[in-house]
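Here is a short report on how one protein chain folds. Keep the structure open as you read.

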Amino acid sequence: MSIKKYVSDTTTILRQPAADWETAVRQAGSLLERAGTIVPAYTEAMVKMIKELGPYIVVMPGVALAHARPEKNVKQNSIAIVTYEDGICFGNESNDPVHVVFAIAACTDDEHLDLFQAVAEFISGEGNMERLQKAAVYGDIGF
């Protein structure tokens with residue numbers, strides 16, 4: 001399963017100035033809101049989960065996978081990508097600073113797992129993360 005199916009130039013912004021983690025998650029969520037794939041309540045749910053559970057979404061050095069439970073707040077499966085040149089601290093000592101935030105929105109639990117798998121395949125693909133972090137425009141990512 002390819003991540004390209006769920007990402008577009010309108011759900012990707014690159015080389016943003018560093019912000020705090022909450023601003024970063026809201027920024028990624030707002031891309032999906034503007035694309036019409038989620039409602040604002042999903043963005044709020046992503047922020048709430050991190051506030052309640054801590055920075056568990058920072059899954060590896062430099063990478064955060066923001067998400068929430070699919071509770072009728074998602075209209076269409078989608079992924080937003082935001083990169084940060086300076087990095088953002090989420091409070092995860094092992095994996096901060098975060099340079100890439102993926103916001104993952106799925107309509108169902110099963111689809112949620114499919115989207116996570118698509119992101120995992122992209123992350124593990126040779127050269128993908130380096131291209132993403134160096135990209136100045138969407139076409140540079142090389143999906």
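This is a predicted model.

Begin with the outward side of helix 3. The face turned away from its buried side carries three exposed residues: Asp110, Leu113 and Ser124. Now turn the helix around. His112, Leu115, Ala118, Val119, Phe122 and Ile123 are buried. Seen down the axis of helix 3, these buried residues fall within an arc of 135°, so they line one face of the helix.

Helix 3 covers residues 109–124, which makes 16 residues. From its first C-alpha to its last it reaches 23 Å, close to the 22 Å expected at 1.5 Å a residue. What do the buried residues of helix 3 pack against? Their partners are helix 2 (40–53), helix 4 (128–134) and four strands: strand 2 (58–60), strand 3 (63–67), strand 4 (78–88) and strand 5 (98–105).

Next comes the sheet. Five strands form an open sheet, and their order is 1-4-5-3-2. The pairing is mixed. Strand 1 (12–16) and strand 2 stand at the edges with a single partner strand each, so one side of each has no neighbour in the sheet. From one strand to the next, the twist averages 20°. Strands of a sheet pair through backbone hydrogen bonds, either parallel or antiparallel. Strand 4 and strand 5 run antiparallel, joined by seven bridges. Val82 stands opposite Val101 in strand 5.

Two helices lie across strands of this sheet, as the table shows.

| Helix | Lies across | Angle |
|---|---|---|
| Helix 1 (residues 21–35) | strand 1, strand 3, strand 4, strand 5 | about 150° to strand 4 |
| Helix 3 | strand 2, strand 3, strand 4, strand 5 | about 150° to strand 5 |

Now look at the nonpolar cores. The largest has 27 residues. Which residues have the most contacts inside it? They are Val25, Phe90 and Val101. Helix 1, helix 2, strand 3, strand 4 and strand 5 each supply at least two residues of this core. Its largest share, six residues, comes from helix 1.

Phe90 deserves a closer look. Leaving aside residues up to four places away in sequence, Phe90 touches Trp21, Val25, Pro55, Ile57, Val58, Ala64, Asp96, Val98 and Val101. Two of these contacts, Val25 and Val101, also appear with Phe90 among the residues with the most contacts inside the core.

Apart from the largest core lies another, of 21 residues. Among its members are Ile3, Tyr6, Leu115 and Phe122. Leu115 and Phe122 are also buried residues of helix 3.

Key
Residues numbered from 1 in each chain as written. Predicted model: local features only at pLDDT ≥ 70, side-chain atom pairs only at ≥ 80, totals over all residues. Heavy atoms only, no water. Expected span 1.5 Å × (residues − 1). Buried < 20%, exposed > 50% of the residue type's maximum accessible area, 1.4 Å probe, protein only. Arc of directions from axis to C-beta. Contact = heavy atoms within 4.5 Å. Pairing = 2+ DSSP bridges. Axes fitted to C-alpha atoms, helices over the stretch in contact; angles between N-to-C directions. Core = buried A, V, L, I, M, F, W, Y, C linked by side-chain atoms within 4.5 Å.
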